[in-house]
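Trainee: I should like a close look at one part of this structure, the strand pairing. Would you take me through it and then place it in its wider setting?

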Amino acid sequence: MSDPVLELDRLSLSFGGLRALSELDLGVGEREIVSLIGPNGAGKSTVFNVITGVYEPSSGDVRFAGRSIAGLAPHRVARLGIGRTFQSLRLFLNMSVIENVMAATYGNTKAMPWESVLRLPRARREEREVRALAEDVLSFFGQRLAGYRWEQPAYSLSYANRRRLEIARALATSPRLLLLDEPAAGMNPAETHEVTELISRLRDERGVSILVIEHDMHVVDSCSNRVVALDHGVKIAEGGFDRVAAHPAVVEAYLGKDPGALSDGG
Amino acid sequence: MAFFFQELVNGLTTGALYALVALGFSMVYGVLKLLNFAHGDLYMVGAYVGFFVIQWFGGATSLSIPVPLLLVIMFALAAGLVGGLGVAIERFAYRPLRDAPRIAPLITAIGISFFLESAALLLFGAQYRVYNTPDFINAHSGITIGSVTINSVQILVLVMGLILMVGLQQLVNWTKLGRQMRAVAADREAAEMLGVNVNFTIALTFFLGSALAGVAGVMAGLLFNQVTSTIGFIAGLKAFTAAVVGGIGSIPGAMLGGLLIGLAESFVTGYLSSTYSNLLVFGLLIAVMLVRPSGLLGQAQLQKV
């Protein structure tokens, strides 16, 4: 693996006596799609929250493009180039579709508040650039988030389109690394298939590296370069999908000890 | 009929003033879901700032600078100082409690309100401070249409109020800061993880809201002449009513609510008696809450799926 974009180094996190993550090593390379799997409560979303700066690690380090980002404020992490989506959708529902994307695009603009109030040249130029970037990001989703929807409020979108808009919004931060938290949750098989293609396209056309949490094993199988399995905050397996899926520790984490007992009717 | 229009003008003027205070109240509620009961006292501080500016430049009868310049200094200083005070209150009183249960910052807000009122009493005394506006702005100047007179101070308040409200509406709808404010109001954590500097955005919201209250305080001084440490309480209560009637968190709602309350007050005072004005204002609040609990322009809370 060449120089990793993201590197978790013996990362641990405790809440009081509860150890949420322990000694976790994990890397995401340039233009690599890594899937994070594991049963509910394994600590997958916690990993995202540590990377994005919601939690400060108890020990260990988070490095992004070679630089330690552990303990940085979430908005600084985002501005360095890490975008994320949320397991439970968290759109700005009362804002329009394009405004949702624009709000995420301002991270690196420089105009000060009075400049935007008075519509001074720099603020106006940035406003045009931000809008252009937002339109570019939305057009990546083709017909699904087509132009006529841009001025509609986000709450008018269907569930699947809300999930797409969340990805668009994360993409608007111009990330090098995208963290997708269950992008196919609640979708039907056709929509799930589309999400799988979308994830691959994000890497191929946008050049981003992706760390994705997903429960749908078809999605995991068809788009990941590598799979990492977690249980109780510990990495239990890593490698190609087939190897990880068949790994005894993974099977045990999902189904319990001696899964053969199930087929015996016991 | 002339009487009606005269009361209409008076009502719009006080309404504009209430609307400016209500805007700050509503904006802060929008980003923090905090009922900032200290907001009315910021208006009181603004009124004092205006008074001391007049004193500084020689007093109402012997001003050492031209009146327009005086007005600019009064408004600018009140906006800046009260805006800064609002930012300081947020930084030291509300920010440490941002993740606490919502009752904690609410009680703190009431405490800050008492603190500001008592501090003003201690520093400036209990006596009424008087602007003596007629000594430097001719009370009979202005526009007269038929028998309806809009005096210069009323014109000033109406025009400034209109400009500030339109400006704020533009700011919130069409600029970087406005979109970030709305993003923070909708989902603070999500906004933060998308690169919005939440602390900065909240501080700016407090600055803008407080500065508007400061400006309204100077307007009140010019209109009603008298300033004392307790004027913030009832103004804050009316601004709160205006914000709730219009739909709390909604900027056009705060404007509409402020104007409605100003008009209601003015007509009741004119046609009945000033004794009943508060009765009607708060009666209006109850009536609107019964029919539209989310306020006239407020949106019903969206359910998250």
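**Strand pairing, from hairpin to sheet**

Mentor: In chain B, strand 2 and strand 3 make a hairpin with two residues between them, and Gly146(B), in the turn, has a positive phi of about 60 degrees. Please bear in mind that this is a predicted model. The two strands, residues 142–145 and 148–151 of chain B, run antiparallel and are joined by four bridges. Gly142(B) has Asn151(B), in strand 3 of chain B, as its bridge partner.

Chain A offers a further case, an open sheet of six strands in the order 6-7-8-3-9-10 with mixed pairing. Strand 6 (82–84) and strand 10 (234–239) of chain A are at the edges with a single partner strand each, so one side of each has no neighbour in the sheet. From one strand to the next, the twist averages 20 degrees. Within this sheet, strand 7 of chain A pairs with strand 8 (residues 209–213) of chain A in the parallel sense over five bridges; Leu179(A) has Leu211(A) as its bridge partner in strand 8 of chain A. Helix 10 (residues 248–255) of chain A lies across strand 9 (226–231) and strand 10 of chain A, at about 130 degrees to strand 10 of chain A.

Strand 7 of chain A also leads to the domain contact. Ten residues of domain 1 of chain A are in contact with ten residues of domain 2 of chain A. On the domain 1 side, helix 2 (74–80), strand 7 (177–181) and helix 7 (189–206) of chain A each supply at least two residues. That side has five nonpolar, two polar and three charged residues.

Methods:
Residues numbered from 1 in each chain as written. Chains lettered and ligands numbered in written order. Predicted model: local features only at pLDDT ≥ 70, side-chain atom pairs only at ≥ 80, totals over all residues. Contact = placed C-beta atoms within 7 Å. Nonpolar A, V, L, I, M, F, W, Y, C, P; charged D, E, K, R; others polar. Pairing = 2+ DSSP bridges. Axes fitted to C-alpha atoms, helices over the stretch in contact; angles between N-to-C directions.
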